Every structure is written in C-alpha cells, then in structure tokens.
Amino acid sequence: MKKQQLILIGSGLIIIILIYFFGNTIPPKSSTAGMGGPGVGAEVPTLTTHDVLSAAKSKLPPAEQTRITTLENNVDRGDVKDLKIKQFSQLSHFWGDTVGNMPLSSFYLGEAAKLENSEQNLTFAARKLLSYVFVEQSQPMQTWMATNAKELFEKALEINPKNDSAIVGLGGCYMFGNLSGNPMEQILKVRKVAEEHPDNLYAQMMLALGAVKTGQYDKAIERFLIVIQHQPGNLEAIFNLADVYDREGDKANAVKWYQKAKDMIEVPEAKKEIQQRIEALQQQS
C-alpha cells in the first residue's frame with residue numbers, strides 16, 4: 001500500500017502500521033450520521049466492479065497491465081471450477097502482493113470463495129473486504145466494498161443461518177457501507193448476538209464502532225472496555241478507546257490509553273506519532 005492510502009482517520013494520527021497489519025477501524029471524527037451512514041436515504045454514486053478494476057488497472061505500468069489482462073482472460077476461458085478457483089487466487093495474490101491493492105485482493109478472494117461455497121472461506125473473505133470500508137474515504141468505494149462483502153456474508157448465512165460472524169459482518173456492511181434498505185433490522189441482529197454472547201468480541205467491536213459513528217461515546221467506551229477485558233493485548237480496541245476519550249475531551253484517559261498503545265508498538269514512526277499526540281494532550285491540560 002502507498003503511504004497516502006494508509007492514513008488513519010479519526011483523531012488525525014498517522015499510524016500506518018496499525019492499518020497495514022491490524023486493519024485499524026476508526027470512523028471519521030466528523031461523522032454525525034445515523035447507523036446507516038450518509039448514504040441511507042440519499043443518492044450515492046454507483047461504482048461497478050468494472051469501474052473499480054478499470055481505474056485500478058489504469059494506474060499500473062504497461063507490463064503489469066498486460067499481466068493482469070492475461071490472468072483475467074485465463075479466468076474467462078476456464079471451464080473447470082477448480083481451475084477458476086486457482087485463477088481467482090492468482091488474481092488475489094497479484095492485486096495484494098504485487099500491487100498492494102488490498103480491497104481488490106479481497107474481492108478476488110471472495111470470488112474464489114463463492115465457487116468453493118465454503119462457509120469459512122466466504123466469511124473470511126467478507127470480513128477482509130469489510131475491514132477496508134473503515135479506512136476508505138470515497139463513499140462510492142465504501143458502498144462497492146460493502147455491497148460485495150454483503151453478498152459473501154449472505155452466501156455464508158445460506159449455508160449456516162446461525163453463523164454469528166456473518167450476522168455481525170452483514171450488520172457492519174449496513175452500518176458503514178451506505179447501503180440502502182433497512183439497516184436497523186441488521187443492526188438489531190448484531191445487538192442480539194452481543195446480548196446472547198457477550199464474549200463475541202467481533203459483535204462488541206462492531207457495535208462500539210457504530211456508537212462512535214453516531215457520537216454515542218459512552219456506549220463506545222463501554223464496549224471497547226469489554227473487548228480489552230477479554231483481550232488485554234487488542235491494539236485495535238486500545239487505540240480506538242484512546243481515540244474516543246480524545247474525542248470526548250477526557251485528556252487523562254486519552255493519554256493513558258495512547259500510552260498503552262505506544263508501549264505495544266515497535267515501529268518507530270508509529271511510536272513517534274503517538275508520542276506527539278500524547279504531548280499535545282498534556283500541553284492542553
């Protein structure tokens with residue numbers, strides 16, 4: 001990934017390593033929209049997969065454009081399921097390992113999972129694709145990613161309607177993907193998972209992030225703390241908790257949790273960014 005693609009939104013810290021390795025999920029600090037996002041009830045420009053692929057390919061050097069065209073043509077000519085799965089996997093590796101376009105890499109991972117019709121692989125690919133919705137700044141791209149993740153989660157639920165991870169992920173698509181329809185129905189299902197299984201940390205994180213999105217910081221803090229109680233080393237939850245305290249103006253707790261995050265990170269650039277934020281908060285006290 002390029003550096004400009006890895007800038008954290010939220011408190012303004014540039015913690016590249018968090019997004020790259022942990023898929024850090026911090027909703028925009030300025031967001032005051034409802035759980036369905038600004039796209040619910042509003043007109044959001046539609047991107048097709050062809051649009052996304054064309055834009056991504058146009059940025060590639062000629063040699064890589066030729067290689068991707070060859071890979072795509074191999075898929076079109078393939079008539080055996082196992083062969084198509086292998087070719088989709090190759091496309092996933094190309095976009096991820098060679099180009100660094102992780103959403104497209106996850107998209108092709110999902111295409112392979114559809115053919116495999118594996119509940120586990122469908123859910124895995126969907127969760128990966130959804131994770132990039134959180135750090136994407138383009139609303140049409142958010143919707144494209146969420147729409148494709150939604151399809152994968154729904155296919156996983158066709159196989160196993162009790163797949164809690166897919167239920168939670170589907171709710172996340174509606175919370176953060178600007179999807180039309182009835183998002184509250186899906187959000188209530190996420191809440192039900194969290195109520196029936198308080199130790200389902202994926203549900204707790206999703207609801208915490210949703211609470212941040214709607215400015216319900218007290219509820220967000222409560223849920224982030226639940227996650228940290230079960231997983232004291234969960235850097236994603238710790239950093240998000242620090243960010244929420246920062247937004248609330250609770251400088252003491254913000255410093256406390258930023259410090260914990262800093263102590264857990266070994267990358268000098270990330271440690272420096274957090275330290276600068278800590279010092280800025282201490283000067284405001």
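In which helix is the place of aspartate 218? Aspartate 218 sits in helix α11, which covers residues 217–230. We will come back to this residue later on. Before going further, please keep in mind that this is a predicted model.

Let us start with the whole chain. The protein chain holds 14 helices and zero strands. Reading along the sequence, you meet α-α-α-α-α-α-α-α-α-α-α-α-α-α. The chain has 285 residues, and 51% of them count as buried. About 13700 Å² of the protein chain is exposed, and carbon and sulfur atoms supply 50% of that area. Contacts across the sequence are worth a look too: among those between residues at least 6 apart in sequence, 58% join residues at least 24 apart.

Now to the way helices meet. Two packed helices are described by the angle between their axes and the distance between the axes. Helix α5 is a good place to begin. Helix α5 spans residues 102–116, and its axis comes within 11 Å of the axis of helix α2, residues 49–57. The two axes cross at roughly 135°. An angle over 145 degrees would count as roughly antiparallel, and α2 and α5 are therefore oblique to each other. In this meeting, α2 passes α5 in a left-handed crossing. On the α2 side you can find Thr49, Val52, Leu53 and Ala56, and they meet Leu104, Phe107 and Tyr108 in α5. Sorted by class, this contact of α2 with α5 has six nonpolar residues, one polar residue and no charged residues.

Helix α5 also packs against α6. The angle between α5 and α6 is about 160°, and their axes are 8 Å apart. That makes α5 roughly antiparallel to α6. The crossing of α5 and α6 is left-handed. From α5, the contact is made by Pro103, Ser106, Phe107, Leu109, Gly110, Ala113, Lys114 and Glu116. From α6, the residues taking part are Asn121, Leu122, Phe124, Ala125, Lys128 and Leu129. By class, the contact of α5 with α6 has eight nonpolar, three polar and three charged residues. Try following Phe107 in the structure: this residue of α5 takes part in the contact with α2 and in the contact with α6.

While we are in α5, have a look at serine 105, which has its place in this helix. Is serine 105 buried or exposed? Its relative accessible area is 6%, and buried means under 20%, so serine 105 is buried. Leaving aside neighbours within four places in sequence, serine 105 is in contact with Ser92, Trp95 and Gly96.

Just along the chain comes asparagine 117, in the loop between α5 and α6, where α6 covers residues 119–131. The phi of asparagine 117 is near 55°, a positive value in a residue other than glycine. At 49% relative accessibility, asparagine 117 counts as partly exposed. Another asparagine with a positive phi is asparagine 178, where the angle is about 60° although the residue is not a glycine. Asparagine 178 lies in the loop between α8 (164–176) and α9 (183–196). How does asparagine 178 count at 5% relative accessibility? Asparagine 178 counts as buried, whereas asparagine 117 counts as partly exposed.

Further along the chain, helix α10 (residues 201–213) meets helix α12 (residues 235–248). Their axes come within 12 Å and cross at roughly 20°. Angles under 35 degrees count as roughly parallel, and α10 and α12 are therefore roughly parallel to each other. Here α10 passes α12 in a left-handed crossing. Met205, Leu209 and Val212 in α10 meet Glu236, Ala237, Asn240, Val244 and Arg247 in α12. By class, this contact of α10 with α12 has five nonpolar, one polar and two charged residues.

Finally, we return to aspartate 218 in helix α11. At 53% relative accessibility, aspartate 218 counts as exposed. Aspartate 218 and tyrosine 245 are 27 residues apart along the chain, and their C-alpha atoms are separated by 9.3 Å.

Key. Residues numbered from 1 in each chain as written. Predicted model: local features only at pLDDT ≥ 70, side-chain atom pairs only at ≥ 80, totals over all residues. Heavy atoms only, no water. Helix = DSSP H or I, 4+ residues; strand = E, 2+ residues; numbered from the N terminus. Buried < 20%, exposed > 50% of the residue type's maximum accessible area, 1.4 Å probe, protein only. Contact = heavy atoms within 4.5 Å. Areas by Shrake-Rupley, 256 points an atom, 1.4 Å probe, with all protein chains shown as cover. Axes fitted to C-alpha atoms, helices over the stretch in contact; angles between N-to-C directions. Parallel < 35°, antiparallel > 145°, perpendicular 65-115°, else oblique. Left-handed = near helix turned anticlockwise from the far one by under 90°. Nonpolar A, V, L, I, M, F, W, Y, C, P; charged D, E, K, R; others polar.
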